[in-house]
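Me: Please take a close look at one part of this model, a pair of side chains in polar contact, and set it in the context of the whole chain. I would like the backbone exceptions covered as well.

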Amino acid sequence: MSFIVIIPARLASTRLPNKPLADLGGKPMIVRVAQRAAQSGASRVIVATDHADIFDACRQNDIAVQMTRANHPSGTDRIAEVAAAIGLPDDAVVVNVQGDEPLIDPSLIAATAALVARDVPMATAAHAIQETADIFNPNVVKVVLDKNQRALYFSRATIPWHRDGFAQSKEVLPKGYAPLRHIGLYAYRNAFLQAYPELPVSPLEQIEALEQLRVLWHGFPIAVHVTDHAPAAGVDTPEDLERVRRHYNL
């Protein structure tokens with residue numbers, strides 16, 4: 001399976017200003033993410049950005065980078081612009097790796113990319129939730145699958161709801177109950193990636209504030225790779241940044 005990785009990166013961040021340029025063991029975070037992604041077997045890794053400082057940081061570290069428009073509503077739109085600009089064919093597989101995932105598992109990228117096919121234009125990943133608190137946390141997005149490992153629904157709510165188990169207690173996980181946490185990693189067939197920005201926003205997407213629900217709403221399948229291990233958390237807060245810095249300073 002041949003695929004390329006495109007990493008959307010913008011400088012603005014409410015909780016952590018200048019996050020892509022944060023120093024991790026002597027290199028900017030966005031460079032660390034790109035280097036990690038390169039270990040996945042991707043044929044190319046490209047950073048997509050609208051900011052000159054990110055562009056310069058990548059160039060200084062021999063990371064391929066493309067400038068994009070500044071007014072993209074999402075990272076998906078940003079990588080679609082780059083995929084079009086470099087002339088990828090319709091059947092190319094493009095993986096969207098978030099720019100704040102410097103510890104992402106390269107094998108997870110490859111496994112997700114491998115699920116994209118002519119009749120399955122999009123893929124993502126998930127893992128079993130083990131902590132009760134995560135099951136009821138609306139910031140932890142859950143996904144329910146069908147028998148073919150394709151997404152039925154994504155939600156911030158607790159799905160599936162264990163009627164009998166939760167009737168007895170919400171403090172202990174019911175036996176055999178392992179809901180799936182969605183991992184924000186996406187792979188696309190390029191023809192679908194180019195069409196995605198033109199799909200009308202769906203009511204479910206607006207209610208849940210989950211972009212991937214637009215895909216299901218319009219009837220497109222999403223394959224889901226279920227990994228046995230929870231991935232290392234990304235960087236959203238100053239505390240996350242310090243945790244990742246400790247990793248690189250070992």
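Reply: A residue counts as buried when its relative accessible area is under 20%, as exposed when that value is over 50%, and as partly exposed in between. The model is a predicted one, and the part chosen here is the pair Gln212 and His182, whose side chains make a polar contact of 3.4 Å.

With a relative accessible area of 6%, Gln212 falls under the 20% cut-off and is therefore buried. Its place in the chain is a loop, the one that runs between α8 (203-208) and α9 (213-217). His182, by contrast, is found in a strand, β10, which covers residues 180-189. The relative accessible area of His182 is 10%, so this residue is buried as well. The polar contact thus joins the side chain of a loop residue to the side chain of a strand residue, at the distance of 3.4 Å already given.

The surroundings of the two residues can be read from their contacts, leaving aside neighbours up to four places away in sequence. On that basis, Gln212 is in contact with Met122, Val141, Phe154, His182, Tyr186 and Ile222. His182, for its part, touches Thr124, Ala125, Ala126, Val141, Lys142, Val143, Phe154 and Gln212. Val141 and Phe154 appear among the contacts of Gln212, and Val141 and Phe154 are likewise among the residues that His182 touches.

Turning to the chain around this pair, the secondary structure comes to 10 helices and 11 strands. The radius of gyration is 18 Å, close to the 18 Å that the globule rule gives for 250 residues, so the chain is as compact as a globular protein of that length. Along its principal axes, the C-alpha trace spans about 60 × 45 × 30 Å. Of the 250 residues, 48% count as buried, and Gln212 and His182 both belong to the buried class. Among the contacts with a separation of 6 or more, residues 24 or more positions apart account for 67%.

Another buried part of the chain is helix α1, residues 29-38, in which seven of the 10 residues are buried, so that this helix is largely enclosed by the rest of the structure. The buried residues of α1 are Met29, Ile30, Val31, Arg32, Val33, Ala34 and Ala37.

As for the surface, the accessible area of the chain comes to about 12,100 Å², of which 49% belongs to carbon and sulfur atoms. The chain carries 24 positive and 27 negative charges, and the mean positions of these two sets are 2 Å apart.

The backbone exceptions remain. Most residues other than glycine have a negative phi, and most peptide bonds are trans. The peptide bond from Ile159 to Pro160, however, is cis, with omega near -10 degrees, and Pro160 sits in the loop between β9 (151-155) and α6 (163-168). Asp62 has a phi near 60 degrees, a positive value in a residue other than glycine; Asp62 lies in the loop between α2 (52-60) and β5 (64-67) and is exposed, with a relative accessible area of 71%. Gln149 also has a positive phi, of about 65 degrees, although it is not a glycine. The loop that holds Gln149 runs between β8 (142-145) and β9, and at 37% relative accessibility Gln149 counts as partly exposed.

Terms used:
Residues numbered from 1 in each chain as written. Predicted model: local features only at pLDDT ≥ 70, side-chain atom pairs only at ≥ 80, totals over all residues. Heavy atoms only, no water. Helix = DSSP H or I, 4+ residues; strand = E, 2+ residues; numbered from the N terminus. Rg over C-alpha atoms; globule rule 2.2 N^0.38 Å. Buried < 20%, exposed > 50% of the residue type's maximum accessible area, 1.4 Å probe, protein only. Contact = heavy atoms within 4.5 Å. Areas by Shrake-Rupley, 256 points an atom, 1.4 Å probe, with all protein chains shown as cover. Lys, Arg positive; Asp, Glu negative; His and termini not counted. Charge placed at Lys NZ, Arg CZ, Asp CG, Glu CD. Polar contact = N/O pair within 3.5 Å; in protein donor to acceptor, adjacent residues only side chain to side chain.
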